[in-house]
Amino acid sequence: MKRLYIRWTVLVLIFGSITCLGILRYDREVKTVSPAKVSSEGAKGELRLLGMIEAGSFVRGVEGKPTRFMLSGEGAKVAVVFSGKDEDESLRELKTIVALGKWETERKQFDASELALDPNYGFVTSAYVFSLIPLAFFLFYMERRVSLLYVMIKEEKVYQSETQA
Amino acid sequence: MISGKKIGMVGSIAIVVLGLGYLALGNFGENLVYFMTPSEVVTLETDRYGKKMRVAGMVVKASMKIVPETLKINFDLTDGMETIPVLFEGIPPDLFKEGKGAVVEGYWDKDGIFHSHMIMAKHEEDYMPLEMKQAGVEFETKGLLKTLKVN
Amino acid sequence: MTATRFIGILRKYEKWFGIVALILISAGLYTGLVTSSADYFQGEVVRIMYVHVPFAQTAMLAYSTLFFCSIWYLWKRDAIVDNACHAAAGLALFFTAGGLITGAIWGKPTWNAWWVWDPRLTSFAIMFLTLVGYLMLRTFLDDVEKRATFAAILAIIGFIDLPIIHFSVEWWRSLHQPLSVSTRGVSIAPDMLVPFALMSFGVGILFTYMLMVRTQLLYLEHLLEAKQGRFLSEAEL
């Protein structure tokens with residue numbers, strides 16, 4: 001019984017600390033902000049802006065001109081300027097994207113260096129949480145019950161009589 | 001004498017038999033046509049007009065137009081044989097893209113337009129990083145149009 | 001084979017399966033969540049594949065185990081084999097539920113639907129129902145041999161669903177994607193194939209370990225129940 005609890009405590013500690021590291025990394029590197037927050041509070045440094053490209057605002061960049069559009073989210077809109085190339089023409093209106101870049105406070109626009117799909121980390125996390133955590137609980141209760149049964153059977157000498165027979 | 005156990009036993013067997021019976025007797029594959037193809041839609045009888053159905057196909061490249069000031073989107077859907085115009089109202093899913101598969105739910109009408117209120121994106125079985133795709137790598141896949149099984 | 005020898009073998013080898021599964025799954029999670037790239041079409045959501053596909057595959061592996069154990073039971077009539085059947089069915093139900101839940105979570109951001117009645121999903125849901133029916137049937141029969149026989153027959157009949165689940169995406173029109181690993185070849189980039197394979201083998205071996213533990217559990221419960229019953233009746237006499 002004791003060994004079972006030690007084994008599981010070690011497992012929980014290892015996976016728990018890795019999860020904490022993961023959350024820290026998420027907060028530092030891949031957390032997104034909304035257009036509402038950026039336009040009201042402003043922001044400094046590299047950041048990831050998550051929002052939907054407004055209908056009727058998208059102007060594809062041609063011949064050196066940058067691509068421009070409005071990104072909306074949480075009730076506010078901000079202008080985004082993207083000078084890179086949309087390689088596989090994945091940009092369109094009414095699509096949720098993440099723009100990586102800097103907020104220009106004076107010109108009130110967002111200079112994007114990279115655009116990506118909405119990462120949907122919430123879905124990824126819930127898929128892992130809803131499968132692996134029940135799995136761990138299921139296995140733990142199963143192993144604990146088996147250990148308990150062996151102890152019970154030893155005390156009642158049931159298992160031994162079976163072996164002798 | 002009918003005991004609770006007997007009812008439970010019969011009930012549990014019934015669950016399995018009904019499930020499997022649906023597979024075996026209901027002509028599972030033919031009955032459960034999850035979607036139609038544009039080729040089938042254009043030959044529909046008039047009594048099916050206005051009835052809810054699903055159609056799958058590939059969104060024709062450069063066919064998508066967003067009507068300004070509304071949430072209306074026009075695009076063409078093809079299965080390689082026939083192409084039908086679709087008028088969709090709403091916000092399409094993020095993975096809805098020209099040159100990719102889509103399943104649209106709605107109705108076909110005498111105006112020759114498929115009116116849709118719901119789009120699902122259909123993806124293929126290939127998975128690779130963006131850099132690899134841009135380098136032009138292609139896998140041997142079944143291909144979207146083949147999975148539509150146009151007769 | 002006597003039950004005690006069978007249990008002895010399980011107790012001796014189970015830990016190796018547990019350790020190998022733990023290593024493979026840890027490596028799979030690391031490569032799947034940290035080092036592998038996002039997909040060109042789906043983006044980051046593709047990472048759900050490394051848990052959805054192993055769960056769904058393991059559900060089918062578990063049902064296949066139930067099928068072979070059921071045949072073995074009908075052939076040899078070993079009580080311990082019936083315990084293994086019962087254990088495999090419980091695990092199959094767990095992994096089927098896991099496959100359905102992770103599938104729904106993957107379906108929403110990629111297809112834009114949690115659930116659709118397409119052939120793959122419907123046939124998978126029928127496997128879920130079959131297992132629920134199987135486990136319910138076992139609770140309603142008191143006679144040990146009758147229970148084991150009826151359950152084994154039901155499990156064998158329900159096996160028809162498995163080839164249907166596997167080939168549904170190839171035979172009929174479905175929203176679910178066709179097989180990524182098939183006779184056509186492998187259509188997953190090496191970078192993503194690593195976590196895919198690690199998790200598939202890891203969860204499969206974890207299932208074997210869980211089956212060993214659960215077979216012991218059900219055998220011991222059964223033993224305890226039977227022996228306690230005898231002790232009671234002896235005391236009464």
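**Chain C and its neighbours: a conversation**

Author: Let's begin with chains C and B: 57 residues of chain C are in contact with 47 residues of chain B. Keep in mind that this is a predicted model.

Reader: Thanks! Which three residues supply more of the area that chain C buries against chain B than any other three?

Author: Happy to help. Between chain C and chain B, about 4600 Å² is buried, and carbon and sulfur atoms give 68% of that area. On the chain C side, 22% of the buried area is supplied by one trio, more than by any other three residues. Those residues are C:Tyr40, C:Phe41 and C:Arg173.

Reader: What residue of chain B does C:Arg173 meet in a salt bridge?

Author: Chain C and chain B share three salt bridges, and C:Arg173 takes part in one of them through its side chain. The N to O distance there is 2.8 Å, under the 4 Å limit for a salt bridge. The partner is B:Glu40.

Reader: Which helix of chain C gives the largest share of the side that touches chain B?

Author: There are 18 residue pairs in polar contact between chain C and chain B, both at pLDDT 80 or more. Five helices of chain C each supply at least two residues of the side that touches chain B: H3 (79–111), H4 (119–140), H5 (144–158), H6 (161–171) and H7 (190–236). The largest share, 12 residues, comes from H4(C).

Reader: And how many residues on that side of chain C are nonpolar?

Author: The side of chain C that touches chain B can be divided by class. Eight of its residues are charged and 15 are polar. The nonpolar residues number 34.

Reader: Let's look at chain C by itself. In what order do its elements run from the N terminus?

Author: Chain C has seven helices and two strands, and its C-alpha trace spans about 75 × 35 × 30 Å along the principal axes. From the N terminus on, the order is α-α-α-α-α-α-β-β-α.

Reader: Which residues of chain C does B:Phe139 touch?

Author: B:Phe139 sits in the loop between helix H4 (130–134) and helix H5 (144–147) of chain B. Leaving aside residues up to four places away in sequence, B:Phe139 touches B:Asp126, B:Tyr127, B:Met128 and B:Met132 within its own chain. In chain C, the residues touched are C:Val186, C:Ser187, C:Ile188 and C:Ala189.

Reader: How many salt bridges does the rule find across the interface of chain A and chain B?

Author: Here 13 residues of chain A are in contact with 15 residues of chain B, and about 1100 Å² is buried between the two chains, 60% of it on carbon and sulfur atoms. Three residue pairs are in polar contact, both at pLDDT 80 or more. By class, the side of chain A that touches chain B has seven charged, four nonpolar and two polar residues. Even so, the number of salt bridges across the interface of chain A and chain B is zero.

Reader: One last thing: which helix gives the most to the nonpolar surface patch?

Author: The patch covers about 500 Å² and is made by A:Ile6, A:Val10, A:Ile14, A:Phe15, A:Ile18 and C:Leu22. A:Ile18, for one, lies in helix H1 of chain A. With five residues, the helix that gives the most is H1 (residues 2–30) of chain A.

Technical notes
Residues numbered from 1 in each chain as written. Chains lettered and ligands numbered in written order. Predicted model: local features only at pLDDT ≥ 70, side-chain atom pairs only at ≥ 80, totals over all residues. Heavy atoms only, no water. Contact = heavy atoms within 4.5 Å. Buried area = accessible area lost by both parts, 1.4 Å probe. Polar contact = N/O pair within 3.5 Å; in protein donor to acceptor, adjacent residues only side chain to side chain. Helix = DSSP H or I, 4+ residues; strand = E, 2+ residues; numbered from the N terminus. Nonpolar A, V, L, I, M, F, W, Y, C, P; charged D, E, K, R; others polar. Patch = residues over 30% accessible without salt bridge, like charges linked within 9 Å, V, L, I, M, F, W, Y side chains within 5 Å. Areas by Shrake-Rupley, 256 points an atom, 1.4 Å probe, with all protein chains shown as cover.
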